[in-house]
Amino acid sequence: MASNASDCVAGLARGFAPDRAALIVYLMAGYPDKETSLAALHAAARGGADIIELGVPYGDPLADGPTIAEAARAAREAGFGLRESIRLAEEFLSEAGPDAPPVALMNYLNPLMRMGLEQAAESIRNAGVAGVIVPDMPPDSAAPWLSVASGLDTVFLVAPTSTPERMQKVGERSKGFVYCVSTTGVTGERAQLAKDLAELVDRVRSFVALPVAVGFGVSGPAQVGEVARFADGVVVGSAVVRRQGDPAEVEGFVRELSSAVRAARS
Amino acid sequence: MSDVFLPSAEMAYSSPDAQGFFGPYGGTFVPETVVPALSELAEAFCETLDDPAFAAEYGTLLQDYVGRPTPLFSAERLAEAVGADRVYLKREDLDHTGAHKINNTLGQVLLARRMGKRRVIAETGAGQHGVATATAAALLGLECAVFMGTEDMRRQSLNVYKMRLLGAEVVPVADGTGTLADAVTATLRHWVERVEDTFYVLGSAVGPHPYPVMVREFQKVIGEETLVQLQGRAERIPDAVVACVGGGSNAIGMFYPFLRDLPPEKRPLLVGAEAAGLGLDSDKHGASLAKGSPGVLHGFYSYLLQDDAGNPLEAYSISAGLDYPGVGPEHSHLKDEGLVRYEPVTDTEALEAFALLTRTEGIIPAIESSHALALLPHLAAELGPGALIVVNLSGRGDKDMDIVREGGLGGE
């Protein structure tokens with residue numbers, strides 16, 4: 001699969017700046033309903049999100065904690081699945097125009113398979129979505145997807161349990177950035193950051209040339225500011241989703257997170 | 001009749017490849033956090049296969065603790081009632097704890113101890129696997145937590161009590177429908193969190209690699225003994241061998257040696273009984289092979305009951321051990337290859353078979369196993385006079401008394 005320079009510029013890499021960490025904001029597609037989630041996407045963009053990770057609601061969210069799992073359940077009840085999520089991303093991106101932050105779909109594997117990997121990749125590409133994160137598709141199991149997903153940045157995850165060999169493999173197969181899971185366990189807010197997180201990121205960096213973004217268990221401005229000192233990106237999910245019913249609150253919260261990212265290395 | 005029982009190279013039924021794929025099915029589709037643990041597990045499991053000390057310890061436990069070999073019982077009155085010449089029951093209901101599950105949990109908990117893990121976790125549906133895991137953990141001195149759906153806890157309160165008596169913590173899972181699939185998800189999530197000190201004892205031939213092949217290896221003793229016992233009484237190779245299929249561990253344990261050791265033309269008709277619940281035309285069944293389509297759930301690719309958006313559907317069966325929306329990947333492969341035939345059996349048919357065995361032989365079977373028994377009259381008719389059929393009686397029915405009573409049997 002050839003990649004070329006224009007892929008990189010158009011892809012998720014655009015969300016990263018050399019002098020500070022990128023703020024990656026996770027939102028659940030279709031939660032609490034289509035219109036509100038569209039408004040929340042715009043609110044996150046206005047608030048200063050550098051990349052938006054759009055969650056696709058799925059019935060067995062193995063990697064997600066209670067906040068995101070519950071939002072997924074509600075969004076599914078509102079009729080949302082992969083198809084609707086792609087349409088939502090497309091609508092957001094076309095409304096927000098060329099300055100919109102790049103969007104990655106956070107999507108479990110089976111909905112992609114159900115749509116057909118090739119057709120799913122094509123729909124996602126056509127919607128203008130820059131990449132995908134598939135939490136239950138480790139790099140060793142990704143060949144069928146990667147063979148049809150050219151032009152999309154497929155982001156793989158590393159975890160504190162990953163061996164050096166696996167970190168290297170993730171670094172080689174990932175595009176856009178590498179998603180570093182801060183702690184063992186599922187997504188969700190935690191009172192404290194995992195200890196030795198900075199060391200973990202350093203360890204990942206020694207195997208990975210791409211930007212390293214940290215997620216899982218990162219919530220408020222203080223934690224975001226701390227992670228932004230040593231990582232290339234910070235993902236905030238559950239803490240945003242919890243506010244997703246009120247787009248104005250999302251905007252205010254993302255603005256605070258964005259300030260924290262900007263202040264971290266000044 | 002002797003040499004046909006001996007394996008030879010050209011007949012070899014293919015095992016999974018190094019990545020755990022049976023044809024296109026199986027694999028490892030899980031969060032990165034547990035991938036290293038699965039690799040470590042696969043490695044440790046492979047080492048045990050070549051380790052005579054492990055085999056000796058496991059073998060001794062199977063014999064002296066589980067009570068193996070279990071009898072192969074000629075059920076003459078049942079045979080007459082279903083119109084077969086001979087019906088043999090492989091008596092896994094006589095295993096310690098009352099079902100085949102213990103064969104696997106002893107193997108896995110031994111492996112956990114060998115890997116230096118001090119804590120095991122398990123999911124359970126009917127509670128049989130939970131009880132078998134708690135039992136093995138008690139025997140080998142490991143800490144144990146069992147995740148169980150709240151609906152299943154209600155249906156199987158006696159097993160909940162047993163697990164607690166055995167020293168296990170029973171963790172209620174209220175998510176979703178509070179049944180087996182939810183318990184598997186909760187156990188996987190917990191494992192992601194505690195992967196460093198915890199061993200996940202998976203109860204069926206499902207899950208990411210190496211679980212399906214590992215569970216098969218620990219259950220294949222069922223089929224191996226059956227072959228030896230048939231040979232011991234100078235029986236011919238049966239016309240059909242039947243087992244029920246939820247995730248499919250007792251079925252693969254019975255079928256695999258027949259597939260491995262016999263050339264295709266000598267193999268019996270292998271038949272798996274799937275839960276048809278209230279009927280395949282209702283949406284209340286657990287027949288993933290008959291009505292599902294391939295997809296990924298709980299870390300592996302296999303036939304799956306799913307909606308148009310790829311979300312897993314709720315499975316239903318009167319038996320808590322069969323209401324799983326997926327099925328072991330090897331069964332998906334065996335179905336596609338035409339090596340095993342899978343037949344749906346409704347709740348009602350299973351209850352009728354339950355009553356029939358109870359009254360003709362004085363054996364009270366698990367409702368799961370009753371699904372396999374329910375195919376006997378059809379198979380006898382299909383195979384014609386002289387039919388010789390083996391049924392894997394995977395468990396006993398004590399746990400099902402309340403459900404059977406609710407179903408209206410034996411009340412008159």
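## Two domains, two chains and one buried leucine

Let's start with chain B, where the domain assignment gives domain 1 (31-63 + 102-214) and domain 2 (69-98 + 219-406); such bounds come from an automatic or database domain assignment. Keep in mind that this is a predicted model, in which local features need pLDDT of at least 70 and side-chain atom pairs count only at pLDDT 80 or more, while totals for chains, interfaces and linings use all residues. Residues are numbered from 1 along each chain as its sequence is written, chains are lettered from A and ligands numbered from 1 in the order in which they are written, and side-chain values use heavy atoms, with hydrogens and water left out.

Now look at how the two halves of chain B meet. The C-alpha centres of domain 1 and domain 2 of chain B are 23 Å apart. At the boundary, 28 residues of domain 1 of chain B are in contact with 30 residues of domain 2 of chain B, contact being heavy atoms within 4.5 Å. Together these domains bury about 2,200 Å², with 58% of it on carbon and sulfur atoms; buried area here is the accessible area (1.4 Å probe) that two parts lose on being put together, summed over both. On the domain 1 side, B:Asn103, B:Gln128 and B:Arg155 supply 22% of the area buried against domain 2 of chain B, more than any other three residues.

B:Arg155 is worth a second look. Its side chain meets that of B:Asp323 in a salt bridge, at 3.0 Å from N to O; the term covers a side-chain nitrogen of Lys or Arg within 4 Å of a carboxyl oxygen of Asp or Glu. The count between domain 1 and domain 2 of chain B is one salt bridge. Add to that six residue pairs in polar contact between these domains (both at pLDDT 80 or more). A polar contact is a pair of N or O atoms within 3.5 Å; within protein, one must be able to donate a hydrogen and the other to accept it, and residues adjacent in sequence count only if both atoms are side-chain atoms. α4 (101-114), α5 (128-140), α6 (150-155) and α8 (180-194) of chain B are the elements giving two or more residues to the domain 1 side that touches domain 2 of chain B, and α8(B) gives the most, with five residues. Helices (H or I, at least four residues) and strands (E, at least two) are DSSP runs, numbered from the N terminus.

Next, turn to the chain A side of things. Here 29 residues of chain B are in contact with 32 residues of chain A, and the two chains bury about 2,500 Å² between them, 54% of it on carbon and sulfur atoms. B:Phe29, B:Glu32 and B:Arg189 supply 25% of the area that chain B buries against chain A, more than any other three residues. The chains share two salt bridges; A:Arg114 forms a salt bridge with B:Asp308, the closest N and O atoms being 3.7 Å apart. There are also 17 residue pairs in polar contact between chain B and chain A (both at pLDDT 80 or more). α1 (35-49), α8, β11 (293-297) and β12 (300-304) of chain B each supply at least two residues of the side that touches chain A, and α8(B) has the largest share of that side, five residues.

Finally, find A:Leu152, in the loop between α7 (143-146) and β5 (153-155) of chain A. A:Leu152 counts as buried because its relative accessible area is 2%, and buried means under 20% (exposed is over 50%, partly exposed in between; 1.4 Å probe, protein chains only). Leaving aside neighbours within four places in sequence, A:Leu152 is in contact with residues including A:Ala121, A:Ile124, A:Val129 and A:Trp145.
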